[in-house]
Amino acid sequence: MTELRRRGGGGDPDSTENISDKEADGDDRLAFPGEGEGEMEGDSKADTPDVPPSTDNTPQCLNKALEGLSSRWKNWWIRGILSLTMIIGFFLIIYLGPIMLILVVMGVQIKCFHEIITIGYRVYHSYDLPWFRTLSWYFLICVNYFFYGETVADYFGALVQREEPLQFLVRYHRFISFALYLAGFCMFVLSLVKKHYRLQFYMFAWTHVTLLIVVTQSHLVIQNLFEGMIWFIVPISIVICNDIMAYLFGFFFGRTPLIKLSPKKTWEGFIGGFFATVVFSFFFAYLLSQYQYFVCPVEYNSETNRFAVECEPSNLFMIQEYTLPAVVQNAVRWKTVNLYPFQIHSIALSTFASLIGPFGGFFASGFKRAFKIKDFADTIPGHGGIMDRFDCQYLMATFVHVYITSFIRGPNPSKVLQQLLVLQPEQQLSIFNTLRNHLGEKGMLPPAVEEAQ
Amino acid sequence: SRTKSDSGVPEVPVSADDTPEVLNKALSGLSSRWKNWWVRGILTLAMISFFFIIIYLGPMVLMMIVLCVQIKCFHEIITIGYSVYHSYHLPWFRTLSWYFLLCVNYFFYGETVTDYFFTLVQREEPLRILSKYHRFISFALYLTGFCMFVLSLVKKHYRLQFYMFGWTHVTLLIVVTQSHLIIHNLFEGMIWFIVPISCVICNDIMAYMFGFFFGRTPLIKLSPKKTWEGFIGGFFATVVFGILLSYVMSGYRFFVCPVEFNNDSNSFTVDCEPSELFQLQDYGLPPVLKSITGWTTVKLYPFQIHSIALSAFASIMGPFGGFFASGFKRAFKIKDFANTIPGHGGIMDRFDCQYLMATFVNVYIASFIRGPNPSKVIQQLLALRLDQQLHIFNSLKAHLTEKGLLPALEEAA
């Protein structure tokens, strides 16, 4: 408590600059003048939460190996080694297969949620708020239950039909999820304590916005994954590549600053990163499109009770000939070129990652500046928290998902069949007739069936 | 004045007396307490009459009203945010809030329109393109707003701007999703719109009456005026009211039929064969009731049984929405959300108990009443690849043959 008082009273480096921020702090610091609680809040109201100095999280072995080098190079080496470790880790879990990937995505989601909520606690000094920690985790579980339930019902159709309790859970899934959420909502209302109303509402809103951002993204990632591992690997790799390339181009050629929000970013880095990423994704897509393991939708095999990635690759992943436009023909002297159609799509993905992806990074930078924190957390030595690594991924998963639904695939056939079987028999019959006419027109039905019409 | 209000809480502007002149004159004789009662009473009556009028005017008008209420609620909550954070002059922010409101509405209305106006959409070429790439377009619009937000971040106002961004998104989440669920319910049949709203209003009024006449034990510290007597009395009164209202409404096609868009007349029609839910059935009474009333069976609409569930939810959970709003008002030290309705406060004040009801009705319908929408299923079917369609065709044929719905002739194929 004394520490807080001292921080509040002492030299305030931001006093001249952030007047309006201070006022905002004043408003949300809950100085309830009439009530005894006012003391602690009143003092810390002058200031934003003090960032605890970054504890040096580097493991001992690295420290020993690098003790000879100067501090600047040491930092470089640590970042480099950790980057390499993370990339190798990434390849490892890809190798381990879809289940592992889903678990890792879930782990990352939980850690990101934890990091952002912890920041909320620090900002509002609300760590000891009654019930709140429990409620945040409860809401996380509810929302995850809802989303996973929707996915499971879709993809594990056959498994679900077999088990009786699962059938019940699936049929009333929305109702059950809503009931669970309501229970949490009522707990929140009942937990409102007289002196802490505003804090509690802030934390409630903070939790919900975090859930909106973190949990929906992670589920879109998993849905992309089920479409084919390539739709998971290529976007993430593109964002990582853009990050690294923009950094390198900026390091060597950077001169013109890009945006006041992130003074280290430069236009040279931005443009260089854009072109490098498009080229990288083009070749990377070519490499991955050849393997069924990456290209096939992930399916659950009811007999072997495992995930299988085996199929006839769709048109997207079969080499086709494209005629080059006349300009390029003169330059290169080839008439046609063999490409996977997916490579064309990868250009769209990499363009998005290079042009809009950085906005996710700026958003996170703005957020960190607003709450005066240097990193989201200290999980990864040299890099900060998990959220720091994933801030540029933020919009990518949503974009890929929207892209797939708009341009690549239609509705999921097994889902449509499921819905069909739930309809009333008369409705099923009428749909059956419509479908028969439609297929008959297209010449898809064997003549015997057509005659029977 | 900015530094003065630093010590707390936004100054609540003294409630401007919004009562129209005509009412003031008519009630000038009465004392202030009775005057307040009369103003509230008259306004309540006015609102209920207004409700009946728009129901009479039909689905189109109802949708417009829902849209307007949504916009007004959004405006009220955002204005509170401005006064809390003194952020009225924040660059861009007002534009961005309304822009996000437009985007989210565009997304939701697009999804609804595509479902219900399917044939109309297929006919007009520009509509078809908009509907095919709907999600992509909505996402692009949202992204534009997001990028504008990032570019509008100004050095001294980061935190404020993030707060307002968060405030806008939570408001959108609450207000806009609710209003779209209401419209979904409406399309299911006007009765699914009227009965829930009426149950909540009835519960409000009944709980108030019971509390006024019999109230003694306080219910929750958050709202000191609520009492257990009001709560329980309101519960029973609402259930009875719900049963009677459903009985009255289930007899009319206007309320019971799903709202459909007629391509030929280019207007909404509510004409259909009422489903089983809305046909009188005999229910055997349990022996207890038999001995009391001397009847063996009773004729009820199945919908009346469902209305018990709806009114139970309205009476038990609806108040929690009210407590949430009360807590919110106490947290930000405001008396009412706005001064729109004399004697009652803002639109949001009237709709706070409705908050959870629309979601509950929607989830209830999806879980217990209807299956998927057949026209939507056909749409999806026709969008699949031909080999997938064939596969589904065969599965469906096998299923229907099993059920004996297909003539045996087909089996020869």
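Tutor: A definition comes first: UniProt positions are given here in the numbering used for this structure, with feature names shortened, and such annotations may be inferred rather than shown by experiment. The model itself is predicted.

Student: Which residues of chain A does the UniProt annotation "transmembrane region" cover?
Tutor: The annotation comes from an unreviewed UniProt entry. It lists several spans of chain A, and they are residues 76–108, 129–148, 175–193, 200–222, 228–254, 266–288 and 342–364.

Student: How far apart are the end C-alpha atoms of residues 228–254 of chain A?
Tutor: In the record, residues 228–254 belong to the "transmembrane region" annotation. In the model this span of chain A is 89% helix and 0% strand. Its end C-alpha atoms are separated by 37 Å.

Student: What is the helix percentage of residues 342–364 of chain A?
Tutor: The UniProt entry also annotates residues 342–364 of chain A as "transmembrane region". In the model the end C-alpha atoms of this span lie 31 Å apart. Strand accounts for 0% of the span, and helix for 96%.

Student: How many helices and strands are there in chain A, and what share of its residues is buried?
Tutor: Chain A contains 22 helices and six strands. A residue is buried if its relative accessible area is under 20%. Of the 453 residues in chain A, the buried share is 47%.

Student: Which helix supplies the largest share of the nonpolar patch?
Tutor: The patch, of about 1,000 Å², includes A:Trp73, A:Trp76, A:Tyr247 and A:Phe253. Helix 5 (71–96) and helix 12 (230–253) of chain A each give at least two residues to the patch. A:Phe253 is placed in helix 12 of chain A. The largest share, seven residues, comes from helix 12 of chain A.

Student: Which residues have the most contacts inside the largest nonpolar core?
Tutor: This core has 185 residues. The residues with the most contacts inside the core are A:Trp231 and B:Trp192.

Student: Which residues does B:Trp192 touch, leaving out those up to four places away in sequence?
Tutor: A contact needs heavy atoms within 4.5 Å. With sequence neighbours up to four places away set aside, B:Trp192 touches B:Asn185, B:Leu277, B:Phe278, B:Phe303, B:Leu310, B:Val361, B:Tyr364, B:Ile365 and B:Ile369.

Student: Is B:Ile55 buried or exposed?
Tutor: B:Ile55 sits in helix 2 (residues 32–57) of chain B. Beyond its neighbours within four places in sequence, B:Ile55 is in contact with B:Met190, B:Ile194, B:Phe254 and B:Phe255. Its relative accessible area is 5%, and the cut-off is under 20%. B:Ile55 is therefore buried.

Student: Which parts of chain A does the salt bridge of A:Glu150 and A:Arg174 tie together?
Tutor: The closest N and O atoms of A:Glu150 and A:Arg174 are 3.6 Å apart. The two residues are 24 residues apart in sequence and lie in separate helices, so the pair ties together helix 7 (residues 132–155) and helix 10 (residues 173–190) of chain A.

Student: In the salt bridge of B:Lys72 and B:Glu76, which residue counts as buried?
Tutor: The N to O distance in this salt bridge is 3.5 Å. Both residues lie in helix 3 (residues 59–85) of chain B, four residues apart, about one turn of the helix. B:Lys72 has 27% relative accessibility and counts as partly exposed. At 2%, the buried residue is B:Glu76.

Student: What is the relative accessible area of B:Arg135, the partner of B:Glu111 in a salt bridge?
Tutor: In this salt bridge the closest N and O atoms are 3.6 Å apart. The pair links distant parts of the chain, with B:Glu111 in helix 4 (residues 93–116) and B:Arg135 in helix 7 (residues 134–151) of chain B. B:Glu111 is partly exposed at 27%. B:Arg135 is also partly exposed, and its relative accessible area is 38%.

Student: Why is helix 16 of chain B described as largely enclosed, and which helices help to cover its buried residues?
Tutor: Ten of the 13 residues of helix 16 (residues 357–369) of chain B are buried, so the rest of the structure largely encloses this helix. The buried residues include B:Phe360, B:Val361 and B:Tyr364. Chain B contributes helix 8 (158–188), helix 9 (191–214) and helix 13 (302–316) to the cover. From chain A, the cover includes helix 9 (164–171) and helix 10.

Conventions
Residues numbered from 1 in each chain as written. Chains lettered and ligands numbered in written order. Predicted model: local features only at pLDDT ≥ 70, side-chain atom pairs only at ≥ 80, totals over all residues. Heavy atoms only, no water. Patch = residues over 30% accessible without salt bridge, like charges linked within 9 Å, V, L, I, M, F, W, Y side chains within 5 Å. Areas by Shrake-Rupley, 256 points an atom, 1.4 Å probe, with all protein chains shown as cover. Salt bridge = Lys/Arg side-chain N within 4 Å of Asp/Glu carboxyl O. Buried < 20%, exposed > 50% of the residue type's maximum accessible area, 1.4 Å probe, protein only. Core = buried A, V, L, I, M, F, W, Y, C linked by side-chain atoms within 4.5 Å.
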